[in-house]
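Subject: Structure handover

Hi,

Here is the structure I said I would pass on. Have a look at it first, and then read on for what turned up.

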Amino acid sequence: MSRSSAPPVRLLGGGDAVLAFDIGGTHIKSTAVDRDGRIDAVRRTPTPRGAEAVVATIAELARAHGGRDGFALRLRSVGVGVPGLVDESSGVVRYASNLGWQDVPLRQLLEDELGLPVAVRHDVRAAALAESRIGAAYGHASAVVVAIGTGVCGALVIDGVPYSGGGYAGEIGHAVADPAGERCPCGAVGCLETIASASSIVRRYAAASGHPVRGAREVLDAAQRGDRLAAAVWADAVTALAQGIARLVAAFAPHAIVVGGGLAQAGEALIGPLRSQLDQLLSFHRRPFVLSARCGEDAGVVGAAITARDHLRVLRAVADDPR
Ligand SMILES: [Zn+2]
């Protein structure tokens with residue numbers, strides 16, 4: 001069980017003490033937040049196979065976080081981020097390919113195990129919530145957070161609330177970017193993800209050059225050294241992203257676009273060209289701020305903690321006014 005440092009962002013502020021989990025394909029990240037909003041060190045625990053084993057691991061972690069002296073006393077609720085198709089209103093994970101889950105009633109399982117109210121949220125929407133409340137989009141009334149890693153996923157946050165569309169919202173990686181492009185594992189042709197995900201940049205460069213590379217960063221480095229194939233693959237990715245974001249801007253007029261995920265570690269080498277291409281694609285539209293994510297790799301678990309606090313506010317509002 002290793003630990004990574006707490007994210008370099010503002011504290012969450014006073015409120016309920018909560019537990020937070022971010023279930024990934026390889027690791028479960030966990031933390032606790034106390035009533036002053038202090039975020040405990042984030043733990044990383046290997047994800048076991050199967051929902052039952054994950055629930056048991058979370059129960060163990062809950063005891064570990066809750067038992068720390070002077071921290072996280074009187075835990076009130078639990079927030080959980082999870083990948084896949086997540087119905088947040090029922091807390092059911094409809095489908096999560098990298099966990100091998102189908103129709104897992106995660107909220108119910110965890111509430112039975114932990115005896116606390118539990119709120120479940122899609123992991124990218126949880127990360128987007130963190131960026132909106134305490135990260136790059138803080139102070140902006142609306143934002144689209146685009147996470148670029150092995151896939152491309154988006155989340156629209158309006159007035160501090162992520163829009164989930166019954167679990168179906170945000171799949172911008174599976175919107176068409178090139179109708180004559182490659183077939184995507186999802187079944188459609190030319191999805192944005194087949195051009196602009198970090199994995200696709202690696203795959204496309206290896207196919208074009210015959211040189212396998214370990215990561216998208218290597219492709220960027222090669223492009224900056226003057227490798228024309230690398231530059232073309234990188235430019236295709238940036239153009240497809242800019243076009244996809246331009247459509248979102250036209251449709252939703254978000255105040256900010258926040259770019260996160262592994263590829264965002266390229267920093268200004270990604271954000272700079274993306275910002276200028278987006279600017280060229282827009283006409284009368286309101287220009288959004290184009291920003292790098294700030295909450296780092298712990299955004300999902302911090303967003304899960306915010307989700308846990310928000311959930312309590314909703315439960316209390318319902319209790320006060322049961323109509
Ligand atoms: Zn697709």
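One definition before the helices: the expected span of a helix is 1.5 Å times one less than its number of residues. With that in hand, take helix H5 (residues 198-209), which has 12 residues. From first C-alpha to last, H5 reaches 17 Å, close to the 16 Å expected at 1.5 Å a residue. Do keep in mind throughout that this is a predicted model.

**Overall picture**

The protein chain contains 9 helices and 14 strands. Its radius of gyration is 20 Å, close to the 20 Å the globule rule gives for 323 residues, so the chain is as compact as a globular protein of that length. If you are setting up a box, the C-alpha atoms fill roughly 60 × 45 × 35 Å along the principal axes. Buried residues account for 45% of the 323 residues. As for contacts between residues at least 6 apart in sequence, 64% of them join residues at least 24 apart.

The chain is divided into domain 1 (2-121) and domain 2 (136-293), and the C-alpha centres of these two domains lie 28 Å apart.

**The core**

Nonpolar side chains tend to be buried together in soluble globular proteins. Here the largest nonpolar core has 97 residues, and the members that touch the most others are Val-80, Val-145, Val-146, Val-219, Val-258 and Ala-305. Helix H7 (residues 228-252) gives the most to this core, with 10 residues. Where does the core lie relative to domain 1 and domain 2? Both domains give residues to the core, so it lies between them.

Ala-305 deserves a click in your viewer. Leaving out residues up to four places away in sequence, Ala-305 touches Leu-12, Val-18, Ala-20, Thr-31, Val-33 and Gly-79.

**Strand S2 and its partners**

Two of those contacts, Val-18 and Ala-20, also turn up in strand S2. S2 (residues 17-23) is mostly covered, with 7 of its 7 residues buried. In a regular strand the side chains alternate between the two faces of the sheet. On one side of S2 sit Ala-17, Leu-19, Phe-21 and Ile-23, on the other Val-18, Ala-20 and Asp-22, and all of these are buried.

S2 has pairings with S5 and S3:

- With strand S5 (residues 75-82), S2 runs parallel and is joined by 6 bridges. Phe-21 has Val-80 as its bridge partner in S5, and Val-80 is also on the list of core residues that touch the most other members.
- With strand S3 (residues 27-33), S2 runs antiparallel, again joined by 6 bridges. The bridge partner of Ala-20 in S3 is Thr-31. S2 and S3 form a hairpin with 3 residues between them.

**A five-stranded sheet**

There is also an open sheet of 5 strands in the order S12-S11-S10-S13-S14, with mixed pairing. Strand S12 (161-162) and strand S14 (289-292) stand at the edges with a single partner strand each, so one side of each has no neighbour in the sheet. Inside the sheet, 5 bridges join S10 to strand S13 (residues 256-260), and this pair runs parallel. Val-146 stands opposite Val-259 in S13.

**Back to the helices**

In H5, the buried residues are Ala-198, Ser-200, Ile-201, Val-202, Arg-204 and Tyr-205. What do they pack against? Their neighbours are strand S10 (142-148), helix H4 (193-196), helix H6 (216-224) and H7. After H5 comes Gly-210, with a positive phi near 80°.

On the H7 side, look at Leu-229. Leu-229 touches Tyr-205, Ala-208 and Ser-209, not counting residues up to four places away in sequence. Leu-229 and Ala-208 are 21 residues apart in sequence but 6.9 Å apart in space, C-alpha to C-alpha. Is Leu-229 buried or exposed? It is partly exposed, because 17 other C-beta atoms lie within 10 Å, and a residue needs 20 or more to be called buried.

Lastly, helix H3 (residues 123-134) has 12 residues that should span 16 Å at 1.5 Å a residue, and its end C-alpha atoms are indeed 16 Å apart. H3 is mostly covered, with 12 of its 12 residues buried. The buried residues include charged-type names you may want to click on, among them Asp-123, Arg-125, Glu-131 and Arg-133.

Cheers

Terms used. Residues are numbered from 1 along each chain as its sequence is written. This is a predicted model: local features need pLDDT of at least 70, side-chain atom pairs count only at pLDDT 80 or more; totals for chains, interfaces and linings use all residues. A nonpolar core is a set of buried Ala, Val, Leu, Ile, Met, Phe, Trp, Tyr and Cys residues joined through C-beta atoms within 7 Å. Helices (H or I, at least four residues) and strands (E, at least two) are DSSP runs, numbered from the N terminus. Domain bounds come from an automatic or database domain assignment. Two residues are in contact if their C-beta atoms, placed from the backbone, lie within 7 Å. The radius of gyration is taken over C-alpha atoms; the globule rule is 2.2 Å times the number of residues to the power 0.38. Two strands pair if DSSP finds at least two bridges between them.
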